[in-house]
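Subject: Structure handover

Hello,

Here is the structure you will be working with. Please open it next to this email and follow along.

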Amino acid sequence: LGARLTLVVDIANVMGSVNDGWYKDRLAAAARWRDRLAPLAKRGVPGRAIGWPEFDGFYPQLVLVVEGRAGPLAERTWNEEPAVRVVRAPKDGDGQIVEEARYAIDQGDIAVVATADRELRRRVETVGGACLGPGALRRLLE
């Protein structure tokens with residue numbers, strides 16, 4: 001299989017799935033998630049976790065889509081954690097997430113989006129991507 005895995009994270013949705021005080025400082029919470037996600041680039045993601053059980057695993061490209069008060073993380077990230085590409089949504093986070101998935105698919109990659117948003121999941125599946133929920137993403141980080 002020549003395809004790479006691009007894992008796009010709807011950080012607003014994923015952060016909102018855990019009551020850890022993220023609403024007090026969205027920028028800091030997004031930075032914590034970026035740092036938690038980074039090891040996946042080296043450790044890998046089991047194929048079974050993303051619906052490809054016949055493959056041992058993938059070393060993903062990680063894309064974290066931020067918006068609103070978490071947006072400034074995109075300007076600071078390259079020097080801090082290069083394993084995670086942080087993209088600031090210019091206006092619509094969901095639209096940016098779909099574009100990131102579409103771009104990955106156009107490059108021949110497997111695109112998986114981490115979100116619980118039903119409408120976003122539908123849009124991602126329409127462009128050929130797959131989805132996993134915030135709980136599944138958290139289990140990958142354990």
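**Helix α5 and its neighbours**

The buried residues of α5 pack against β1 (5-10), β4 (61-66), β5, β6 (110-114) and α6 (118-126). Buried means under 20% relative accessible area, exposed over 50%, and partly exposed in between (1.4 Å probe, protein chains only). Helices (H or I, at least four residues) and strands (E, at least two) are DSSP runs, numbered from the N terminus.

A note on the source: this is a predicted model, where local features need pLDDT of at least 70, side-chain atom pairs count only at pLDDT 80 or more, and totals for chains, interfaces and linings use all residues. Residues are numbered from 1 along each chain as its sequence is written, and side-chain values use heavy atoms, with hydrogens and water left out.

Which residues of α5 are buried? They are Gly-93, Gly-95, Gln-96, Ile-97, Val-98, Glu-100, Ala-101 and Ala-104. Helix α5 covers residues 93-106, which is 14 residues. At 1.5 Å a residue, α5 should span 20 Å (1.5 Å times one less than the number of residues). The end C-alpha atoms of α5 are 20 Å apart, which agrees.

**The whole chain**

The protein chain has seven helices and seven strands. From the N terminus on, the order is β-α-α-α-β-β-β-α-β-α-β-α-β-α.

The C-alpha atoms fill a box of roughly 40 × 30 × 30 Å, taken along the principal axes. A compact globule of 142 residues would have a radius of gyration near 14 Å. The chain has 14 Å, which agrees. That radius is taken over C-alpha atoms, and the globule rule is 2.2 Å times the number of residues to the power 0.38.

Of the 142 residues, 47% count as buried. Now take the contacts (heavy atoms within 4.5 Å) with a separation of 6 or more. Residues 24 or more positions apart account for 57% of them.

**Helix α2 and Trp-22**

Helix α2 has 12 residues, 26-37. Its expected span is 16 Å, and its end C-alpha atoms are 16 Å apart, which agrees. In α2, Leu-27, Ala-29, Ala-30, Ala-31, Trp-33, Arg-34 and Leu-37 are buried. Keep one rule in mind: an α-helix has 3.6 residues a turn, so residues three or four places apart point the same way.

Trp-22 sits in the loop between α1 (11-16) and α2. Is Trp-22 buried or exposed? Trp-22 is buried, because its relative accessible area is 17%. Leaving aside neighbours within four places in sequence, Trp-22 is in contact with Met-15, Gly-16 and Ala-29. Ala-29 is also one of the buried residues of α2. Trp-22 and Arg-32 are 10 residues apart in sequence and 9.8 Å apart in space, C-alpha to C-alpha.

**Leu-5 and Arg-85**

Leu-5 lies in strand β1. Leu-5 counts as buried, because its relative accessibility is 1%. Leu-5 touches Val-45, Ile-50, Phe-58, Tyr-59, Pro-60, Gln-61, Ile-110 and Val-112, not counting residues up to four places away in sequence. Leu-5 and Ala-111 are 106 residues apart along the chain, yet their C-alpha atoms are separated by 6.1 Å.

Arg-85 is in strand β5 (residues 84-88). Arg-85 is partly exposed, with a relative accessible area of 31%. Arg-85 and Glu-125 are 40 residues apart in sequence. In space, the two are 22 Å apart, C-alpha to C-alpha.

Best wishes
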